[in-house]
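Work through the exercises below with the model at hand. Each task is followed by a stepwise solution.

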Amino acid sequence: MRIGACYLGNGNCEFTVWAPTLHTVAVQIVSPEERLLTMQQDEEGYWKVKASGIEPGTLYYYKLEGTTDRPDPASRYQPKGVHGPSQVINSSTFVWNDSDWSGVPLDETIIYELHVGTFTPEGTFEAIIPRLAELSELGINAIEIMPVAQFPGERNWGYDGVFPFAVQNSYGGPEGFKKLVDACHQHGISVILDVVYNHLGPEGNYFRDFAPYFTTKYRGDWGEAMNFDDKYSDGVRNFCLENALYWLQEYHIDGLRLDAIQGIFEMGARPLLQEMADQVANFSQQQGRKFYLIAESDLNDVRVIRPKEVGGYGIDAQWNDDFHHALHTLLTGENDRYYEDFGKVEQLEKSFKEGFIYSGQYASHRKRRHGSSSKDEPGYRFIVFTQTHDQIGNRVLAERFSQLVSLEGLKLAAGAIFLSPFVPFLFMGEEYGEEAPFFYFVSHSDKDLIEAIRKSKEEEFKVFAGRGEMQDPQSPETFHKCQLNWEKRKEGKHKSLWEFYQKLIRLRRTIPALKKPDKNTIEASSIEADKILFLHRWSDTSQIYSIMNFNQKEITFTANLPSGNWQKILDSSDTKWMGSGSTLPEKLTPNQELTIKAQSIVLYEITG
């Protein structure tokens, strides 16, 4: 069931809203002139009316029970914010230039996550466009945009959105977003949109006035749990399924990142995520190209990514937090919070070979066994990273990785990501060692809510006692501190790091052994005492051998080399990359004693 205001052309518009428990619903036109349109309810609780004399730009509310005016839950645009009227838009007027665009295959994707408001000084969709050429030059072929659904005010991570169909007005609205997506496709860049189906934000959330969108059966982490399996849940499920297809169809989005699916609670026979995967697969078939669903999940549950035919949900890929946690702890030495379950090289070794580290064994931080084995799942089903908005922003000082480890550590971490058999993911600015923090920020208007958020963050950050002072999430200054220093990418160590990332991406694209994300053609081993990891990957005659030293000092060892003529093609300790100078030979021979610099990575390739 299509919902919202659907402009039909020639001044005709159809309004549809789900409100199964209400007795009367009408469309209250407030501009350009006031009108009241009576609606009729069908057997499933949807109220509808077709009307003439409704042009794009018309502002309206729904009048509930003859007394209460509320914006449309499926509003396409909120020009006056979350408390203002909804606006009718004509989605067919934009001229797209991507008719020959077929997307980027998931197994070839390099993802770059960005936040619209802090990526540029202007904080708009259109301001991103001039930077696409440089992202493409770096080797990026997909951007993942943090949520753009309308949220209160002008400053927010996006997870407080309350109009899931409406593009944020301060970012540039529907027109600006389409221009960005169209420009991305002209640069060979796919667009992945972060969407939220586990909760709705607190301010401007009028959903409960329309229908039972929430349930008390479950306790949500970020507010009331969405009603996906209780009475009247069909309408809630339809809302989310329609929303997913809406972004793919109306905005030419190439894939959706599903936020924190562990917060989607239901016990029905047909899981929402499975139904969503089915509908996206059907849409892909209709369009003649593949559209993707990527889940954020800390469940380590392979059912998420397994095909429906073998009992899975059929989601295309998921974030692999285990890989991040293992890498982070080895380089920073941190062991608080969830990091207490990590810190060994053998764990990263297992992740390189299998994906999940916790595959059913006991996790001390969780005080229970955790996860299932992902050994048999293909590499392209896992997204790996050194940092994300969460891993930065959920720290009291919101430090990026560049503030926690040395330049040598940054290069080593990048090498581990790009040499892995998984899909690499960067957070904006990471490629040149951006040093600006990424604090949690909001711009609410409800004083009680603002104070509640402050207290909630204070409680969350008690674990960081003594490490720094929390920034006020509501303060504009907190937001401005998070804006990128884009000009740094051309200076000193930042320029060197950018070029190192570019080199890694080019190697991944051109060496067959690296290009194919295949876990069946990989061998990994490690020496725990020395904190060294060895990685061997191959594809037909192409082979690579990498040595990664996570130790803070030089290590001398004898490598158990696969046979062949090994030629060095990359060494992070080279002076070319602002290292102190390599101690490893250009060619490797069997049983050779080797010395590798502290926190460095070297890559050899078979020649001849």
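**Exercise 1.** About how much space lies in the second largest cavity? Describe its lining.

*Solution.* The model is predicted: local features need pLDDT of at least 70, side-chain atom pairs count only at pLDDT 80 or more, and totals for chains, interfaces and linings use all residues. Residues are numbered from 1 along each chain as its sequence is written, and side-chain values use heavy atoms, without hydrogens and water.

Step 1. The second largest cavity holds about 100 Å³ (a cavity is a set of points, on a 1 Å grid over the protein atoms alone, where a 1.4 Å probe fits but cannot get out). A volume is the space filled by probe spheres set on the points.

Step 2. Its lining has 13 residues (an atom within 4 Å of a point). Nearest its centre lie Val104, Thr109, Ser190, Ile192 and Tyr292.

Step 3. E14 and strand E18 (292–295) each supply at least two lining residues (strands are DSSP E runs of at least two residues).

Step 4. By class, 6 are nonpolar, 4 polar and 3 charged.

**Exercise 2.** Which elements give two or more residues to the lining of the largest cavity?

*Solution.* Step 1. The largest cavity has a volume of about 140 Å³. Among its 16 lining residues, Pro147, Ala149, Pro164, Val195 and Val196 are closest to the centre.

Step 2. The elements are strand E14 (190–195) and helix H5 (233–250), helices being DSSP H or I runs of at least four residues. E14 gives the most, with 3 residues.

**Exercise 3.** Which residue in E6 is the bridge partner of Gln40?

*Solution.* Step 1. E5 and strand E6 (residues 46–51) run antiparallel, joined by 2 bridges. Step 2. The partner of Gln40 is Lys48.

Terms used. Pairing = 2+ DSSP bridges. 1 Å grid on protein atoms, 1.4 Å probe; cavity = no way out; pocket = protein on both sides within 12 Å on 5 of 7 lines; lining within 4 Å. Nonpolar A, V, L, I, M, F, W, Y, C, P; charged D, E, K, R; others polar.
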